[in-house]
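Hi,

Here is the structure I promised to pass on. Have a look at it first, and then read my notes below.

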Amino acid sequence: MKNRHLLLLALMAAAGLLTGCANVQPWERGNLADPTMTAGNPLGSSMSEHMWFSREAASGGGGVGGGGCGCN
Amino acid sequence: MNTSYHKKNMTKTKLITIMAVQLFGAFLAMAAPLKEGDAFPDLTQFGLEGTVPDTHGKVVLVDFFASWCHPCQESFPAMEELYKQYAGKGLVIIAINVDKNKADMDDFLKAHPASFVILRDAGTKLVSQVKIPTMPSSFLLDRDGKIHAFHKGFKGDETRKQYTEEIEALLK
């Protein structure tokens with residue numbers, strides 16, 4: 001009986017947590033596409049890129065195409 | 001004892017059946033995108049900002065765009081070109097904006113001027129019903145208002161070529 005109550009409580013807690021999940025629709029991605037949403041520091045990373053390119057002849061691989069809007 | 005057990009089991013089965021039917025219904029409601037041959041929703045029913053043009057008997061390209069969408073910036077000059085070329089033959093282009101702020105749309109239109117019709121789906125009622133899979137997305141409608149072709153995204157010359165071929169075929 002006790003186990004049943006615990007299970008019920010766990011299920012209710014899980015259901016409560018799941019309400020926080022939401023699908024961001026393609027037309028709602030304006031905020032995600034904002035440059036301020038880029039991870040890290042854009043100025044700092046461009047300087048790092050420059051340093052890696054000039055010292056190690058390495059470049060690229062620092063991001064993904066398409067930006068944060070998931071377009072196309 | 002046995003009858004009560006049987007009754008309980010029956011109730012359980014009924015409940016499970018009802019839940020399964022509801023879930024299936026919800027799934028169907030969720031996954032019902034428009035497909036070729038379907039009638040496109042009547043644009044006057046969604047409280048869109050701007051004037052919905054009379055599209056009766058016209059070939060219509062309905063495009064969903066936003067200021068933050070980079071491929072949309074590429075698609076505008078292509079659509080403008082198509083509009084100038086085919087408007088006289090019966091093509092109507094309607095671009096529907098889904099930006100949260102109107103000022104963002106205005107800035108976009110200053111940078112990418114368009115002479116075709118611009119509407120704004122501020123309440124996202126239309127786009128939520130149409131459920132486009134990506135930005136931009138466009139529907140080419142035949143003269144009967146039925147979907148002739150759907151374009152997911154804008155892929156430069158490839159999409160431009162498809163638009164031209166499809167529009168020319170419909171305008172014949």
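To get you started: leaving aside its neighbours within four places in sequence, which residues is B:Thr159 in contact with? Try to find them in the viewer before you read on. And keep in mind that this is a predicted model.

The residues to look for are B:His151, B:Gly153 and B:Phe154. B:Thr159 itself sits in helix H5 of chain B, which covers residues 157-171. Its relative accessibility is 3%, and the cut-off for buried is under 20%, so B:Thr159 counts as buried.

Now for chain B as a whole. Going along the sequence, you'll meet the pattern α-β-α-β-α-β-α-β-β-α, which gives five helices and five strands. Chain B has 172 residues, and 40% of them are buried. If you take the contacts in chain B between residues at least 6 apart in sequence, 70% of them join residues at least 24 apart. About 10000 Å² of chain B is exposed, with 57% of that coming from carbon and sulfur atoms.

Next, the place where the two chains meet. The size of an interface is often given as the accessible area lost when the parts come together. Here chain A and chain B bury about 1000 Å² between them, and carbon and sulfur atoms account for 63% of it. On the chain A side, A:Pro26, A:Trp27 and A:Asn72 lose the most area to chain B, together making up 67% of what that side buries. Ten residues of chain A touch 17 residues of chain B. That side of chain A is made of five nonpolar residues, four polar ones and one charged one. You'll find zero salt bridges between the chains, but there are four residue pairs in polar contact.

So where should you look for salt bridges? Over all chains the count is seven, and here are some in chain B:

- B:Lys102 and B:Asp106 meet at 3.4 Å, N to O. They are four residues apart in helix H3 (residues 102-111), which means about one helical turn separates them. B:Lys102 is partly exposed at 41%, and B:Asp106 is partly exposed at 30%.
- B:Glu165 pairs with B:Lys161, with the closest N and O atoms 3.8 Å apart. These two are also separated by about one helical turn, because they are four residues apart in helix H5. B:Glu165 is partly exposed at 47%, while B:Lys161 is exposed at 55%.
- B:Lys35 pairs with B:Asp38, and their closest N and O atoms are 3.7 Å apart. B:Lys35 is exposed at 54%, whereas B:Asp38 is partly exposed at 21%.
- B:Glu81, B:Asp157 and B:Arg160 are linked in a network of salt bridges.

Finally, a few backbone oddities to click on. The peptide bond from B:Met135 to B:Pro136 is cis, with omega near -10°. B:Pro136 is in the loop between helix H4 (125-130) and strand E4 (137-141). B:Thr124 has a positive phi, near 45°, in a residue other than glycine. You'll find B:Thr124 in the loop between strand E3 (117-120) and H4, partly exposed at 23%. Over in chain A, A:Ala57 is not a glycine but has a positive phi of about 55°. A:Ala57 lies in the segment after helix H2 (42-56), and with a relative accessibility of 66% it counts as exposed.

Have fun exploring!

Note on methods. Residues are numbered from 1 along each chain as its sequence is written. Chains are lettered from A and ligands numbered from 1 in the order in which they are written. This is a predicted model: local features need pLDDT of at least 70, side-chain atom pairs count only at pLDDT 80 or more; totals for chains, interfaces and linings use all residues. Side-chain values use heavy atoms; hydrogens and water are left out. Buried means under 20% relative accessible area, exposed over 50%, partly exposed in between (1.4 Å probe, protein chains only). Contact means heavy atoms within 4.5 Å. Accessible areas come from the Shrake-Rupley method with a 1.4 Å probe; for residues, only the protein chains shown count as cover. Buried area is the accessible area (1.4 Å probe) that two parts lose on being put together, summed over both. A salt bridge is a side-chain nitrogen of Lys or Arg within 4 Å of a carboxyl oxygen of Asp or Glu. A polar contact is a pair of N or O atoms within 3.5 Å; within protein, one must be able to donate a hydrogen and the other to accept it, and residues adjacent in sequence count only if both atoms are side-chain atoms. Ala, Val, Leu, Ile, Met, Phe, Trp, Tyr, Cys and Pro count as nonpolar, Asp, Glu, Lys and Arg as charged, and the others, Gly among them, as polar.
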